[in-house]
Every structure is written in structure tokens, then in C-alpha cells.
Amino acid sequence: MAVTELVLERLRSDHAPALLAFERENRAFFAASVPDRGDDYFSEFDVRLRELLEAQEAGEIHFHVLVGEDGEILGRVNLVDVDTEAGTAALGYRLAEKATGRGLATEGVREVCRRAVEEYGLRRLTAFAALDNGPSRAVLARIGFGAVGSVTLDGDQPGTAYELDLGGSFGRERSGTAS
């Protein structure tokens, strides 16, 4: 599948059918690198989405979807545990199996980092990746996240914690305008 145009959109209620399809179609793929969400996630999807949208409206989270030109959702990039006073949040993302290997995760994460600064007023992001999730670790490295320690993720998976300082030169170092 060739993706000619990809748009990052803030999650809305009208994304529900495409988002559920994305999660169902990629369930086994995701479960290979992160703990499975379980059957309740799918059977209670509408209720959960409504709760997430309410939390987003309150500024507690910022959820985004990567949408292809045909309206298909190809990825998610989320900011959770938002602390506006401290200017911090945790980053999470997942990409459809058929959309991997083309830089889409890096593009989506970079755009959410830009929005974190410009729209949400954040100054620092954290992220976590399993040690055996090389693609996710590579995305974080390309964006500029630095490893800050070891963690144990859900399912007792060993992982690494990362941080990104969004102040100063974030974004400029990749455009050639860093001082």
C-alpha cells in the first residue's frame, strides 16, 4: 500500500469506526511487542473512547491519529499523564503493520512533539520502549529522546525510559538552524 498523503489529526468521535478497525486489524501485530489490550477493550470500545475524549477535552491527554488519504487510520500518537503545571507528558505510539518501515512513526511523533510545545505548552516528554522493540527505540533516537534509565513494563518486560527536553533547540536541529 502506497501512502501518498498522511495527516495527523487530533482524535475525534467520528474517528471511532476507523480507529476500532485499526486496533482489530493490528491486534496480533501489537501484541508481539506490547501487552495485549484484552477482549474488554474491544467490547467496551465506545465507552472507553467517550471517556478518552472527555479526558482530552479536560486537557489530561492529547490523542492523535495518523490518517491516510482514504480515511484509514494507520497509526496513533498519544500524550498521556499530562501535567500542564509541570509541562510534562508521556508519549506513546503505534503504527499499523502495513505502514511500518517508511518513516511514518517518526513523522507522526515529530509532529506531536511540535504540537506539544506550540499547542499544549509542554516542555518535557517521557517515553518507554521494551528492550526488544528496536523499531520504537529507533524512532525515539531519531527524534532526540535520550535514555534515562531501565524500567519494567507491563507484562514484566524489561525496557528503557527516555526523555526529551522540548525547550531550546527542539525542531531547529533538524532544519539546520541550530546555533
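Both faces of strand S2 are covered, since His62, His64, Leu66 and Gly68 on one side and Phe63, Val65 and Val67 on the other are all buried, where buried means under 20% relative accessible area, exposed means over 50%, and partly exposed lies in between, with a 1.4 Å probe and protein chains only. The model is a predicted one, in which local features need pLDDT of at least 70 and side-chain atom pairs count only at pLDDT 80 or more, while totals for chains, interfaces and linings use all residues. Residues are numbered from 1 along each chain as its sequence is written, and side-chain values use heavy atoms, with hydrogens and water left out.

**Strand S2 and its partners**

Strand S2 spans residues 62-68, and 7 of its 7 residues are buried. Helices (H or I, at least four residues) and strands (E, at least two) are DSSP runs, numbered from the N terminus, and two strands are said to pair if DSSP finds at least two bridges between them. Strand S1 (residues 6-10) runs antiparallel to S2 and is joined to S2 by 5 bridges, with Leu6 standing opposite Gly68. Strand S3 (residues 73-83) is also antiparallel to S2, and here 6 bridges join the two strands; one bridge sets Val67 against Ile73 in S3. S2 and S3 form a hairpin with 4 residues between the strands, in which Gly71 takes a positive phi near 90°.

**Strands S5, S6 and S7**

Further along the chain, strand S7 (residues 157-165) pairs in the antiparallel sense with strand S5 (residues 124-130) over 7 bridges, and Ala129 has Thr160 in S7 as its bridge partner. Strand S6 (residues 146-153) likewise runs antiparallel to S7, joined by 7 bridges, and Gly146 stands opposite Glu163 in S7. S6 and S7 form a hairpin with 3 residues between them, and Gly155 in the turn has a positive phi of about 75°.

**Salt bridges**

Side chains of opposite charge can pair when their charged atoms come close. A salt bridge is counted when a side-chain nitrogen of Lys or Arg lies within 4 Å of a carboxyl oxygen of Asp or Glu, and by this rule the count comes to 12 salt bridges. The table gives three of these pairs.

| Pair | N to O distance |
|---|---|
| Glu23 and Arg37 | 3.7 Å |
| Glu23 and Arg94 | 3.2 Å |
| Arg114 and Glu111 | 2.5 Å |

What is the distance, N to O, between the side chains of Glu23 and Arg37 in their salt bridge? The distance is 3.7 Å, and the pair links distant parts of the chain, with Glu23 in helix H1 and Arg37 in the loop between helix H2 (27-31) and helix H3 (39-43), 14 residues apart. Glu23 also forms a salt bridge with Arg94, the closest N and O atoms being 3.2 Å apart, and this pair too links distant parts of the chain, because Glu23 is in helix H1 and Arg94 is in strand S4 (residues 88-95), 71 residues apart. Glu23 counts as buried because its relative accessibility is 1%, and Arg94 is buried with a relative accessible area of 16%, whereas Arg37 has 35% and is therefore partly exposed. The pair of Arg114 and Glu111 belongs to helix H5 (residues 104-118), where the two residues lie 3 residues apart, about one turn of the helix. Arg114 is partly exposed, with a relative accessible area of 29%, and Glu111 is partly exposed as well, at 23%. Glu111, Arg114, Arg115, Glu118 and Glu119 are linked in a network of salt bridges.

**A charged patch on the surface**

Which residues gather in a patch of negative charge on the surface? They are Asp40, Glu44, Glu51 and Glu54. Such patches are made of residues with over 30% relative accessible area and no salt bridge, where like charges are joined within 9 Å and nonpolar side chains (Val, Leu, Ile, Met, Phe, Trp, Tyr) within 5 Å. Glu51 has its place in helix H4 (residues 45-57), and Glu51 counts as partly exposed because its relative accessibility is 44%.

**Ala21 in helix H1**

Ala21 lies in helix H1 (residues 16-25), and at 30% relative accessibility Ala21 counts as partly exposed. From C-alpha to C-alpha, Ala21 and Ala105 are 19 Å apart in space, and they are 84 residues apart in sequence.

Note on methods:
Areas by Shrake-Rupley, 256 points an atom, 1.4 Å probe, with all protein chains shown as cover. Lys, Arg positive; Asp, Glu negative; His and termini not counted. Charge placed at Lys NZ, Arg CZ, Asp CG, Glu CD.
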